Amino acid sequence: MEASLVDQGRERVGHVNKVGYVRRVIAKKRKPYRRVKRPVLTVPKALRELFDSCRETFRGPAGTVPSPQHVQKMCNILDNMKPEDVGLSRDLQFFKPGNIIKQNQRVTYTTVYKCDDFSLCIFFLPERGVIPLHNHPGMTVFSKLLLGVMHIKSYDWVDPESSDNTLQQPSKLRLAKLKADKVFTAPCDTSVLYPTTGGNIHEFTAITPCAVLDVIGPPYSKEDGRDCSYYRDHPYASFPNERMGEVKEEKDSYAWLEVIEMPENSQMDGIEYLGPPITETTF
């Protein structure tokens, strides 16, 4: 019995040695592991400054209008921003194969960064693409045209706090004053709209393929009463109002806005943001 135990022990030792030998041979044949370094997108100075300025500008309660100093600082940063600062090339292509904004696509957008206080978004409009007339309730919005030629029309309510300028028609209409109706060509100055002034209700129409960077604070939020509404504008003369005597001399500067359902052609496609990444821990 003792001899058999010894033999069994020898067999086990031999088996272990054999397995160890096989493993060593296999290990020698394997190629050494090499760690592949992935390219790191550095964040341009302008984008870092924009992010820092947004955190400072929109740190108050939701709906707080930024101070003139904060607005000026934000505009200075955006005025000097280039398409490359957000990973966009001059042909409306992100710096990654296979993600080209084609001219025959409908309006698309990508989110650079979003939090409860503000959001950074880029909108891509093909030639003749339209973002219909819509509002920004309780928001301050900075718009920077990065590429292209775009027509912008915008309105403000004549009296945003009162319903006296509302007509009871088959559809409810409200009187608004035209703030802008002009063509912008990149590069151009940043435009700013406020909760009740500056052209809070606006429409974009691309004359050529366009890319526009929007800084929105605070972002849209249906839960917080900041849902987007769409409008159709009617000439003032279409529904004259005798109570608005002061309008008669410059009626072309006024229009009646009708709330409508979201137009079918206003739906946008979201695409992945492939520019320099921004997170709370980026800087």
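Let me start with one strand pair. β2 and β10 run antiparallel to each other, joined by seven bridges. Within that pairing, Leu125 sits opposite Cys210 of β10. Keep in mind that this is a predicted model.

Now step back to the sheet around that pair. It is an open sheet of six strands, with mixed pairing. The order reads β8-β4-β10-β2-β1-β13. Which strands stand at the edges? They are β8, residues 191–193, and β13, residues 269–270. Each has a single partner strand, so one side of each is left without a neighbour in the sheet. As a general point, strands of a sheet pair through backbone hydrogen bonds, either parallel or antiparallel.

There is more strand pairing to show. Strand β5 covers residues 149–157, and strand β7 covers residues 172–185. Nine bridges join them, and they run antiparallel. Trp157 faces Ala176 of β7 across this pairing. β7 also pairs with strand β12, residues 254–260. That pairing is antiparallel too, with five bridges. Here Arg174 stands opposite Leu257 in β12.

Next, the packing. In soluble globular proteins, nonpolar side chains tend to be buried together. In this model the largest nonpolar core has 31 residues. Which of them have the most contacts inside it? Leu50, Met81, Leu120 and Phe142. Two helices, α2 (45–57) and α3 (68–79), are among the elements that give two or more residues to this core. The strands that do so are β1 (108–114), β2 (119–125), β4 (140–147) and β10 (210–217). Apart from this core lies another, of 14 residues. Its members include Ile131, Leu145, Phe204 and Ala206.

Take Leu50 as a closer example. Set aside its neighbours within four places in sequence. Leu50 is then in contact with Met74, Ile77, Leu78 and Met81. It also touches Leu120, Leu213 and Val215.

A word on cysteines. How many disulfides does the structure hold? Zero. Cys54 is in no disulfide, and the nearest cysteine sulfur is that of Cys115. Why is there no bond from Cys115 to its closest cysteine sulfur? Because that sulfur, in Cys54, is 8.5 Å away, too far for a bond. As for Cys54 itself, the residue is buried, with a relative accessible area of 0%.

Last topic: empty space. Rolling a probe the size of a water molecule over the atoms shows where such space is left. The count comes to one cavity of 30 Å³ or more. The largest cavity holds about 70 Å³ of space. Its lining includes Ser143, Lys144 and Leu145, along with Met150, Ile152 and Phe184. Cys188, Asp189, Thr190, Ser191 and Val212 line it as well. Which elements give two or more residues to that lining? β4 and β5. β4 gives the most, with three residues.

Then there is the largest pocket, with a volume of about 620 Å³. It is lined by 22 residues. Closest to its centre are Phe123, Tyr220, Cys228, Tyr230 and Met268. At least two lining residues come from each of β1, β2, β3 (130–134), β9 (201–206) and β10.

So we end on the strands we began with. β2 and β10 are joined by seven bridges. Both give two or more residues to the largest nonpolar core. Both also supply at least two residues of the lining of the largest pocket.

Note on methods
Residues numbered from 1 in each chain as written. Predicted model: local features only at pLDDT ≥ 70, side-chain atom pairs only at ≥ 80, totals over all residues. Heavy atoms only, no water. Core = buried A, V, L, I, M, F, W, Y, C linked by side-chain atoms within 4.5 Å. Buried < 20%, exposed > 50% of the residue type's maximum accessible area, 1.4 Å probe, protein only. Helix = DSSP H or I, 4+ residues; strand = E, 2+ residues; numbered from the N terminus. Contact = heavy atoms within 4.5 Å. Pairing = 2+ DSSP bridges. Disulfide = S-S within 2.5 Å. 1 Å grid on protein atoms, 1.4 Å probe; cavity = no way out; pocket = protein on both sides within 12 Å on 5 of 7 lines; lining within 4 Å. Points joined across faces, edges and corners; volume = space filled by probe spheres on them.
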